[in-house]
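Reader: I should like to learn how individual features of a structural model are read. Could we proceed feature by feature, with the general idea followed by the case at hand?

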Amino acid sequence: KFDLNFLKKYNISVAPPLFDTMLAHYILHPETRHNLNLLSETLLGYQPVEIETLIGKKGKTQQNMRSVDFELIKEYATEDSDVALQLKNVLEKQLAEKQAEKLFYTIEMPLVQVLSDMELAGVKIDKQALAEFSKQLHEEVTEIQKQIFELAGTSFNIASPKQLGEILFDKMKIVENARMTKTKQYQTGEEVLVKLRHKHPIIDLILDFRTLTKLKSTYVDSLPLLINNHTKRVHTSFNQAVTATGRLSSTNPNLQNIPIRTERGKEIRKAFVAIDSDHKIVSADYSQIELRIIASLSGDTAMINAFKHNIDIHTATAAKVFNVPLDEVTKEMRRNAKAVNFGIIYGISAFGLAEQTGASRKQAAEWIEEYFNQYPGIKNYMDSQIDFAREHGYVETIFNRRRYLPDIHSSNGIVRGFAERNAINAPIQGSAADIIKLAMINIHQALEKNQLQSKMTIQVHDELVFDVLNSELEQVVAVVKQEMMGAVSLAVPLEVEINWGNNWLEAH
């Protein structure tokens, strides 16, 4: 993808078929690293020349390739090409042995061109909106800091875990025998503080302080610095070979981590705007895709029926778990049922569910037990996945993407439990990743085939975002809906929610 992007700047396009050694190795060994030199050493027993020997180590004194003697560049570049070709010959055979060719050639390789075009298209950012939001956040943070100092009776560096721990546990004595780190420092991570919320009002203020300062530094103040001088847009990098589940990630900026549940987090999305008044931002989101996948994989009749009859799945679950008619399900029942629905996918325990919902551990255990009584197919699926992983050492998605789980036989209960949860969740998350990738490929091809100017610009979780020409809006919405809903045939229909507006928040 890096090479394709570079060549496109010189109006050179590379026609398929393509073979990317990094992606081939990623499919075969998703948990490990995939860089060329490492693969060369492990698969070919050959150590290529490191780029640092040509341009020096990273830092201020590092040169660039323009300053290197041409003879050295020639040797370095041809060695790179030679190693890549030799790796291709090795990895091609391994893909065939692991029945991974279809995944590689029909999903991962076609996606390279799609992501390349998305990165080059970029997104427009409203600098002014972010500058105003930054000022607002600064004022809020200053006010919260003042309140924290008043409650603590002294000023200190809130961002310092050491100082914060001493204030909370030595000076204020919020709890006795507070947990310590290996370096004899008090633990002040989010997980620890959340459990202490009811002990003192200062805790909520500290959590707010952290949320706002992170939001300000990571996105509000950083996004404008990422705007390209030539295109006046932000061009994120989509990473195809990072997550073990098959999901995409992104860097500069990390779009996956933009908070969407908080009001302040939503303000970030407001800054992603259409390129001009002739365009709209269109957002298309798969609705509850992971629950639809588990319904299909498990074949659970009750869950499949709920989806087929278009009954809200959280309401349907609440009615079953709390044994009430559908029309008597309260908001609180639905909220708790939602926590159970999504928690089950991630192997949640009664303790975890109790913490999440505020229920007692006994009550949470009863909910989980009743859930499995009402959806026996889900329980059978979970047990069969763990058995499959124990027998084969891996689990796989509906497109045969494998997740290897060597810890499934670990004698350490915690380590084994983590592998068992992955055995249940990896096929669901991985299938969702494969489905949206297929949809992206098909949409990209349809936009090109119909010679539309509108572009796909962002993929985050189960959502795709487009910069759409107003005159093409109706046509693009129809194409996106058709290709996302038709990406794969499951036992339940895929549902897609599509909205549009002048910015990402309006469209979401």
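Author: Let us take the salt bridge between Asp383 and Lys379, whose side chains meet at 3.1 Å, N to O. The model is a predicted one. For a pair such as this, one asks how close the charged atoms come; a salt bridge requires a side-chain nitrogen of Lys or Arg within 4 Å of a carboxyl oxygen of Asp or Glu.

Reader: How far apart are Asp383 and Lys379 in helix H18?

Author: They are four residues apart in helix H18 (residues 376-392), so about one helical turn separates them. Asp383 counts as partly exposed because its relative accessibility is 34%, and Lys379 is likewise classed as partly exposed, at 33%.

Reader: How many salt bridges does a search of the whole structure find?

Author: The search finds 25 salt bridges. One of them joins Arg264 to Glu140, with the closest N and O atoms 2.7 Å apart. Arg264 belongs to helix H11 and Glu140 to helix H7 (residues 127-152), so this pair ties together parts that lie 124 residues apart in sequence. Arg264 is partly exposed, at 34% relative accessibility, and Glu140 is partly exposed at 22%.

Reader: Are the partners Asp221 and Lys216 buried or partly exposed?

Author: Their side chains meet in a salt bridge of 2.8 Å, N to O. Under 20% relative accessible area a residue is called buried, and over 50% exposed. Lys216, at 18%, therefore counts as buried, while Asp221, at 30%, counts as partly exposed.

Reader: Which residues are linked with Arg401 in a network of salt bridges?

Author: Glu108, Asp434 and Lys437 are linked with Arg401 in that network.

Reader: Let us turn to backbone geometry. Which sign of phi, and which form of the peptide bond, do most residues show?

Author: Most residues other than glycine have a negative phi, and most peptide bonds are trans. One therefore looks for departures from that general rule. Here, a cis peptide bond joins Pro16 and Pro17, with omega about 5°; Pro17 lies in the loop between H1 and H2. The bond from Asn252 to Pro253 is also cis, with omega near 0°. Pro253 is placed in the loop between strand S3 (249-251) and helix H11 (263-270).

Reader: What is the phi of Asn252?

Author: Asn252 has a positive phi of about 50°, although it is not a glycine. Asn252 lies in the loop between S3 and H11 and is exposed, at 54% relative accessibility. Lys173, also not a glycine, has a positive phi of about 50°. Its loop runs between helix H8 (161-171) and helix H9 (190-195), and Lys173 is exposed, with a relative accessible area of 51%.

Reader: How should one read a buried polar residue such as Asn503?

Author: One may ask which atoms its side chain reaches and which residues surround it. Asn503 sits in the loop between strand S10 (496-501) and helix H21 (504-507), and counts as buried because its relative accessibility is 9%. Its side chain reaches the backbone nitrogen of Leu505 at 3.0 Å. A polar atom of the Asn503 side chain also lies 2.8 Å from the backbone nitrogen of Glu506. Beyond neighbours within four places in sequence, Asn503 contacts Arg269, Lys270, Phe272, Val273 and Ile281.

Reader: Which residues touch the most other members of the largest nonpolar core?

Author: In this core of 143 residues, they are Ile148, Leu168, Phe272, Tyr286 and Ile435. Helix H19 (residues 413-449) supplies the largest share of the core, 14 residues. To see the surroundings of one member, one lists its contacts beyond four places in sequence: for Ile148 these are Phe156, Ile158, Ile202, Leu205, Ile206 and Phe209.

Reader: Where, finally, is a nonpolar patch found on the surface, and which residues make it?

Author: Phe6, Tyr10 and Ile12 make a nonpolar surface patch of about 340 Å². Ile12 lies in the loop between helix H1 (2-8) and helix H2 (21-28), and is classed as partly exposed, at 43% relative accessibility.

Notes:
Residues are numbered from 1 along each chain as its sequence is written. This is a predicted model: local features need pLDDT of at least 70, side-chain atom pairs count only at pLDDT 80 or more; totals for chains, interfaces and linings use all residues. Side-chain values use heavy atoms; hydrogens and water are left out. Patches are made of residues with over 30% relative accessible area and no salt bridge: like charges are joined within 9 Å, nonpolar side chains (Val, Leu, Ile, Met, Phe, Trp, Tyr) within 5 Å. Accessible areas come from the Shrake-Rupley method with a 1.4 Å probe; for residues, only the protein chains shown count as cover. Helices (H or I, at least four residues) and strands (E, at least two) are DSSP runs, numbered from the N terminus. Buried means under 20% relative accessible area, exposed over 50%, partly exposed in between (1.4 Å probe, protein chains only). A polar contact is a pair of N or O atoms within 3.5 Å; within protein, one must be able to donate a hydrogen and the other to accept it, and residues adjacent in sequence count only if both atoms are side-chain atoms. Contact means heavy atoms within 4.5 Å. A nonpolar core is a set of buried Ala, Val, Leu, Ile, Met, Phe, Trp, Tyr and Cys residues joined through side-chain atoms within 4.5 Å.
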